[in-house]
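Open the model in your viewer and keep the selection tool at hand. We will go from one selection to the next, with a word on what to look for at each stop.

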Amino acid sequence: MNPRKIYTIVEETLTEGGRPVEPVARVAVVAAVIPNPWHGQGFVEDLNPGIEETASRIGELLAPRVVEALGGTVEAYGKAAIVGLEGEIEHGSALIHTLKFGDHFRKAAYATTLLPAVEKRGPAGIVFDIPLKHITDATIRSHHQSIEVRLADAPHPGEIVIALAAAAQGRPQQRLAPLSTEQ
């Protein structure tokens with residue numbers, strides 16, 4: 001697994017709804033553009049060798065970078081796999097839906113919940129939204145959010161973009177009642 005590029009994006013929301021956001025809401029994304037381990041092989045029945053070779057290494061690369069880019073405590077997180085046009089969505093899913101990948105981020109963020117995810121196939125420059133949820137309780141609605149990402153020259157047809165997103169808080173100006181009030 002040799003990344004062609006690594007992108008780091010930090011979004012800071014200073015105002016929302018015409019009011020200042022205090023503290024400033026920060027969301028970070030780190031994305032690696034890697035070769036698709038199954039590219040050019042036709043239909044591959046057993047994806048495990050590619051998972052073993054790639055998933056943990058990419059999780060180990062991205063997890064500390066996204067925490068560092070956020071510059072604060074992670075309260076919400078998510079992941080993405082965007083497969084180039086000559087791959088299968090299952091190729092991206094295979095790399096991110098394994099504990100070999102996700103546990104690196106869970107440990108770095110002191111998290112316990114499953115990471116919400118997006119997987120899709122598309123051309124370079126495709127727009128994708130990474131869903132985020134709270135790191136220890138997926139029912140905390142204030143932390144249900146997403147961040148839009150676009151990488152101008154990725155993925156190429158034989159590549160996969162693997163990304164992690166982290167937020168230091170819930171949505172700016174959130175004011176929905178807790179889920180328990182509706183039960």
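Start by selecting helix 1 (48-70): its buried residues pack against strand 1 (5-16), strand 2, helix 2, helix 3 and strand 7. Helices (H or I, at least four residues) and strands (E, at least two) are DSSP runs, numbered from the N terminus; contact means heavy atoms within 4.5 Å; buried means under 20% relative accessible area, exposed over 50% and partly exposed in between (1.4 Å probe, protein chains only). This is a predicted model, in which local features need pLDDT of at least 70, side-chain atom pairs count only at pLDDT 80 or more, and totals for chains, interfaces and linings use all residues. Residues are numbered from 1 along each chain as its sequence is written, and side-chain values use heavy atoms, with hydrogens and water left out.

Now colour the buried residues of helix 1, including Ile51, Thr54, Ala55, Ile58, Gly59 and Leu62. An α-helix has 3.6 residues a turn, so residues three or four places apart point the same way. Look along the axis as well: helix 1 has a kink of about 30° centred on Thr54, where the bend is the angle between axes fitted to the seven residues ending at a residue and the seven starting there. Just after helix 1 comes Gly71, with a positive phi near 70°.

Next, select Ile34, Ile58, Phe105 and Ile162, which touch the most other members of the largest nonpolar core, a set of 33 residues. Such a core consists of buried Ala, Val, Leu, Ile, Met, Phe, Trp, Tyr and Cys residues joined through side-chain atoms within 4.5 Å. Helix 1 gives the most to this core, with eight residues. Centre on Ile162 and show its neighbours, among them Val30, Ile58, Leu62, Leu95 and Phe101. Apart from this core lies another one of 20 residues, including Ala76, Ile82, Val118 and Ile126.

Finally, show the charged side chains. Which residue forms a salt bridge with Lys5? Asp153 does, at 3.1 Å from N to O; a salt bridge is a side-chain nitrogen of Lys or Arg within 4 Å of a carboxyl oxygen of Asp or Glu. Asp153 sits in the loop between strand 6 (145-150) and strand 7, and Lys5 in strand 1, so the pair ties together parts 148 residues apart in sequence. Add Arg4 and Glu159 to see the salt-bridge network that links them with Lys5 and Asp153. Then return to helix 1 for Glu52, whose side chain meets that of Lys100 in a salt bridge (3.2 Å, N to O). Lys100 belongs to helix 3, 48 residues away.
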